[in-house]
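Trainee: Could you take me slowly through the enclosed spaces of this model, and then through the surroundings that you think I should look at next? I would like one connected explanation that I can follow with the structure open beside me.

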Amino acid sequence: MTAAGAGKVLPYLDGRHTVAEIAAALSDELPLMQTLMAIRKFAAYGVLADGRAEWPEHTLAFWDAQGIDPVRARSALESTEFVVVAVEGADPGPIGAMLREHGLRMRTRTVEEEAAGPAGAMAVVVTGDYLDPALDRLNAAYLAAGHPWALIKPDGVTLWIGPVLRPGQTACWACLAQRLAGNRQVERYLAGKRGGGMPYHPVRESVPGPSVAGGLLAVELAKIAARRDDPSAAASRLDGKMTTIDLRTLGVTEHTVIRLPQCPACGDPTLISERSPKVTLSARDARHVTDGGYRIEPPARTYARLEKHISPLIGAVTRLHTFADEDNGVTYSFTAGHNFAMIGDNMDLLRRNLRGQSGGKGRTEVQAKVSALCEAIERYSGVWRGEEPVTEAAYADLDPAVAVHPESLLHFSDRQYAIREEWNKDPAHRLHLVPERFRTDLPVDWSSAWSLTEERERLVPSGYAWYGHPDLERHFYCVGDSNGNASGNSVEEAILQGFCELVERDAVALWWYNRARRPAFHLDSLHDPYVDTVREFYQGMDRDIWLLDITTDLGIPAFVGVSYRRNHPVEDVIVGFGAHLDPRIAAIRTLTEVNQFLPSVERRDEQGNTLYLDDDVATLAWWKETKLAEQQWLVPDPAQGARTLADYPPSGGEDLAADVETCVERAAAAGLEVIVLDQSRPDLELSVVRVIAPGMRHFWRRLGPGRLYDVPVALGWIPRPLAEDELNPVSVFF
């Protein structure tokens, strides 16, 4: 086929000419065989279809742009019937009119009719809120019949279009509702106050909404119908996804509806309810070694896999954004929004949840983003939802060799319990609340976990292990925290990360409350250009930065990073911590954690005074009042030589399982047991664990007997054990 022949034939390939008509029209310009050969070549390229369409040119152009044969599209639309269903309070009329206007066949049915037996090729359900209880009935009917359906909210200032839900292929409405309800914290609180259940909104009028949303949905449904009988056709953009349109800003956002394998409506809830507590380690190489720890894949790949879980409406993570006002190219810090789904009847906890966020840091932007994202998923996964298996019993009725007593985890002193009511009234003590003393005679829930030290099942208090467990509403025996919570691309990654966090916080507690003088860590020994860049950046802000070695009897490198503002009466001292088997990773992680706090103190007014980004009472007091001259434990001890990278034994990384076993062995040598509770959720492509080591200390103010007093003396940090009233009166402020 010559280019000239193709060019002459092309204008006649418009769906309105037969082969004979084309040949006749070109008889004066092309020989018959050349005309036929040109047509056959176009057919061979797959760009021709037989038949005649009576649609106008612009309609033909639309279907051509979609890659759909107009004849097939017309036939499909003529043979496909959609059913429009409106829940109570929603008007099906405008949506139905838009479907008809776009050439779709449709009829309306009631919720009761559809629940009794779906009709049509697909249902379009119009609602004022995706949490309307009527949708539960429809979901059950559509799942039972294997019937696809689409949701649309055409009212309000934000229009919701989709998702299209296909039983067996996408998430179901119950999957969507679980995430959506979890992100409505205020509504959930108010619904509980009113004695209601699902926190859903009433229908709100929107003049342009039905025409805009209905028109867009109609176009997508037309494409779905046209591709219905084509097995090679691409899935609809609304399959398992919903699109929102903000009528105030015209912002368009796509949200992925995550299918929950454990969904009680469309999945298998036993994936969680009958999960074995046993943790099995498998050999895995750490192919990516950065400040993020030992990882089996680079952070960019992890981010690409998990990004779909970010959505302000239906995400396990509600938002992800940079903490700093400007990108300085050196200190990367991100925050990620998350929620704690069980808030109870507590206005203070509601406020804290709404302001709650996870933090992420790193030497690169993507590492910081992944750090924040994974921490938010950790928090989300650790929320109690009543799905996990538990044993309800009083501690006195359990085998003490199996059940872990809360006092071995909390470490409050008798004096702290004695003054708890007065202590807890001070807003500066919000992170250091003292609970009630644990009652061994009161039945509570216990979660099954796995001792890596003894290779057997252990029972840990569910109120300690999970956020928002209802036991704490009737017996406030502990404060939920994230100590030892960690995530990873594999369970080995997560356990190593979680144990290193326990090591870090234990080391900080031993150093901080005893105000022990510690040697510097020589940053030059890292021979890392990033470190030089960070120090130059801090110097440009009139700040110094250094690291202290606080490695304990566990022999796992642990550091403190300290930075202060020079030549100013307010020194704005910031600190960061890090621990890891690899001393290089521990040191860099410490630096990046200091960087994480820098945006809170780097802004200044015209007089040079700090413009703080945090209003917490204890945090502001630390920044404004701490003076290095008065707190010598924050600066390197000149009597002890600075440590270098060569002072630490070679690290692991070749096999993550072996690295975890190394940690377990070192803990055992110090008389400590390592217990792991698997908190992974099947819908979240990330391993999440709670690592627990009875006896190891939190860096919050827990002043009971044990390592806090014994280990610093054994290590030679201080000459004698301090009395409780001699310990640092200032508590860790974060």
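Mentor: The structure holds four cavities of 30 Å³ or more, and please keep in mind while we look at them that this is a predicted model. The largest cavity has a volume of about 120 Å³, while the second largest cavity contains about 100 Å³ of space.

Let us begin with the largest cavity, whose lining is made up of 13 residues, with Arg275, Pro277, Glu388, Ser448 and Leu677 lying nearest its centre. If you sort the lining of the largest cavity by character, you find seven nonpolar, three polar and three charged residues. Two strands that each supply at least two residues of this lining are β14 and β21, the latter covering residues 675–678. Strand β14 gives the most to the lining of the largest cavity, namely four residues.

Since β14 has come up, it is worth following this strand to Ser451, which belongs to β14, a strand that covers residues 444–451. Ser451 counts as buried because its relative accessibility is 0%, and the cut-off for that word is a relative accessible area under 20%. The side chain of Ser451 reaches two backbone nitrogens, that of Glu454 at 2.9 Å and that of Thr453 at 3.4 Å. Leaving aside residues up to four places away in sequence, Ser451 touches Arg456, Arg458, Glu673, Val674 and Ile675.

The second largest cavity is likewise worth a visit, and its lining consists of 13 residues, with Leu409, Tyr464, Asn483, Ala693 and Met696 lying nearest its centre. Its lining divides into seven nonpolar, four polar and two charged residues.

From the cavities we can turn to some covered parts of the chain, beginning with strand β20, which spans residues 574–579 and has six of its six residues buried. Ile574, Gly576 and Gly578 point one way from β20, whereas Val575, Phe577 and Ala579 point the other way, and all of them are buried. Strand β19, made of residues 558–565, pairs with β20 in the antiparallel sense over six bridges, and within that pairing Ala558 has Ala579 of β20 as its bridge partner.

A helix can be covered too, and in α9, which runs over residues 173–182, nine of the 10 residues are buried. Among the buried residues of α9 are Trp173, Leu176, Leu180 and also Arg179.

Finally, look at Thr626, which is found in the loop between α24 (617–625) and α25 (656–669). Thr626 counts as buried because its relative accessible area is 7%. A polar atom of the Thr626 side chain lies 2.7 Å from the backbone oxygen of Trp622. When residues up to four places away in sequence are not counted, Thr626 touches Glu571, Val573, Ala621, Gln631 and Leu634. Tyr648, by contrast, is 22 residues from Thr626 in sequence and 32 Å from Thr626 in space, taken from C-alpha to C-alpha.

Definitions and conventions:
Residues are numbered from 1 along each chain as its sequence is written. This is a predicted model: local features need pLDDT of at least 70, side-chain atom pairs count only at pLDDT 80 or more; totals for chains, interfaces and linings use all residues. Side-chain values use heavy atoms; hydrogens and water are left out. Buried means under 20% relative accessible area, exposed over 50%, partly exposed in between (1.4 Å probe, protein chains only). A polar contact is a pair of N or O atoms within 3.5 Å; within protein, one must be able to donate a hydrogen and the other to accept it, and residues adjacent in sequence count only if both atoms are side-chain atoms. Contact means heavy atoms within 4.5 Å. On a 1 Å grid over the protein atoms alone, a cavity is a set of points where a 1.4 Å probe fits but cannot get out, and a pocket is an open set with protein on both sides within 12 Å along at least five of seven lines; lining residues have an atom within 4 Å of a point. Grid points are joined across faces, edges and corners, and a volume is the space filled by probe spheres set on the points. Ala, Val, Leu, Ile, Met, Phe, Trp, Tyr, Cys and Pro count as nonpolar, Asp, Glu, Lys and Arg as charged, and the others, Gly among them, as polar. Two strands pair if DSSP finds at least two bridges between them.
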